[in-house]
Amino acid sequence: MTIEKLGDMQIAYMRRTGGYGEGNRQLMEQFKRYLGERALLRENTTILGIALDDPAQIPEDRQRYDVGMILTGREAPCGLPVRTIAGGRWAVFEVPIQKRAYQISGGTFPNSQHGCLWTARDPS
C-alpha cells in the first residue's frame, strides 16, 4: 500500500440507489459495456467505484453508489452526467488485474465517501 495525493477528478458516471452488494457489481458491468459500445473503454481508462453512504447509518433503500470514468479531456462526449470527485490523500493498493485506492482523511477512512479506483482492462 502507498499513500498518494490525487487532484480533483472530473468523472462521467452512472448511479444506483439501493443496498450495496451485487447491484454494484452489475452497475459496473453495465457501465463497462456502455463505455465499450462507444469505444471509450481503453487500456488506460480509469474507472472509479464510489460508495457514497455509510451503510451503518443510511437505510439500504437510500444508499448511493456511483461508477465513473475519469475524464482526461480527450474523450468524445459520452452522454453521461459529469461531476467532480474531490482530490485528497488516497491509500493505493496494488492487486493482480486491478489497482485499488481508498480515500483517507487523518489516517482513517471517512464515513461519507469510500472510493475504489482501478485501471480498466480492454474487454476484447
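**Note on the predicted model**

1. At a relative accessibility of 38%, Arg 15 counts as partly exposed, and this residue is a convenient place to enter the structure, which is a predicted model. Arg 15 forms a salt bridge with Asp 66, and the closest N and O atoms of the two are 2.6 Å apart. Because Arg 15 belongs to strand 2 and Asp 66 to strand 4 (residues 64-70), the pair ties together parts that lie 51 residues apart in sequence. The acidic partner, Asp 66, is buried, with a relative accessible area of 0%.

2. A reader new to the model may want the overall layout before going further. The protein has one helix and eight strands, and from the N terminus on these elements run β-β-α-β-β-β-β-β-β. Of its 124 residues, 40% count as buried. Taking the contacts with a separation of 6 or more, 66% of them are made by residues 24 or more positions apart.

3. Confidence should be kept in mind while reading the rest. The mean pLDDT of the protein is 74, and 71% of the residues reach 70 or more. Among the elements, strand 2 (residues 9-17) has the highest mean pLDDT, 94, whereas strand 8 (residues 114-119) has the lowest, 42. Over residues 95-124 the pLDDT stays under 50, although the model has 88 contacts beyond four places in sequence for this stretch.

4. How many salt bridges does the model contain? The count comes to six, and the general background is that side chains of opposite charge can pair when their charged atoms come close. One of these bridges joins Asp 53 to Arg 64, with the closest N and O atoms 2.7 Å apart. This pair links distant parts of the chain, since Asp 53 sits in the loop between strand 3 (46-51) and strand 4, while Arg 64 is in strand 4, eleven residues away. Asp 53 counts as buried at 8% relative accessibility, and Arg 64 is partly exposed, with a relative accessible area of 31%. Salt bridges that share partners also join Arg 15, Asp 66 and Arg 83 into one network.

5. Another salt bridge is formed by Glu 37 and Arg 38, whose closest N and O atoms are 3.5 Å apart. Are these two residues buried, partly exposed or exposed? Glu 37 is exposed, with a relative accessible area of 63%, and Arg 38 is partly exposed, with a relative accessible area of 40%.

6. Helix 1 (residues 22-37) has 16 residues and reaches 23 Å from its first C-alpha to its last, which is close to the 22 Å expected at 1.5 Å a residue. Its buried residues are Gly 23, Asn 24, Leu 27, Met 28, Phe 31, Tyr 34 and Leu 35. They cover an arc of only 145 degrees around the axis, so they lie on the same side of helix 1. The general background is that an α-helix has 3.6 residues a turn, so residues three or four places apart point the same way. The face of helix 1 turned away from its buried side carries the exposed residues Arg 33 and Glu 37.

7. What is the sign of phi at Ala 39, which follows helix 1? The phi of Ala 39 is positive, at about 55 degrees, although this residue is not a glycine. Ala 39 has its place in the loop between helix 1 and strand 3.

8. Tyr 20 deserves a separate look, as a residue of the loop between strand 2 and helix 1. Tyr 20 is partly exposed, with a relative accessible area of 26%. Leaving aside neighbours within four places in sequence, Tyr 20 is in contact with Ala 51, Leu 52, Asp 53, Pro 55, Gln 63, Arg 64 and Tyr 65. That list includes Asp 53 and Arg 64, the two partners of a salt bridge described in point 4. Although Tyr 20 and Arg 64 are 44 residues apart along the chain, their C-alpha atoms are separated by 8.2 Å. A polar atom of the side chain of Tyr 20 lies 2.9 Å from the backbone oxygen of Arg 64.

Technical notes. Residues are numbered from 1 along each chain as its sequence is written. This is a predicted model: local features need pLDDT of at least 70, side-chain atom pairs count only at pLDDT 80 or more; totals for chains, interfaces and linings use all residues. Side-chain values use heavy atoms; hydrogens and water are left out. pLDDT is the predictor's confidence in each residue, from 0 to 100. Helices (H or I, at least four residues) and strands (E, at least two) are DSSP runs, numbered from the N terminus. Contact means heavy atoms within 4.5 Å. A salt bridge is a side-chain nitrogen of Lys or Arg within 4 Å of a carboxyl oxygen of Asp or Glu. Buried means under 20% relative accessible area, exposed over 50%, partly exposed in between (1.4 Å probe, protein chains only). The expected span of a helix is 1.5 Å times one less than its number of residues. The arc is that of the directions from the helix axis to the C-beta atoms. A polar contact is a pair of N or O atoms within 3.5 Å; within protein, one must be able to donate a hydrogen and the other to accept it, and residues adjacent in sequence count only if both atoms are side-chain atoms.
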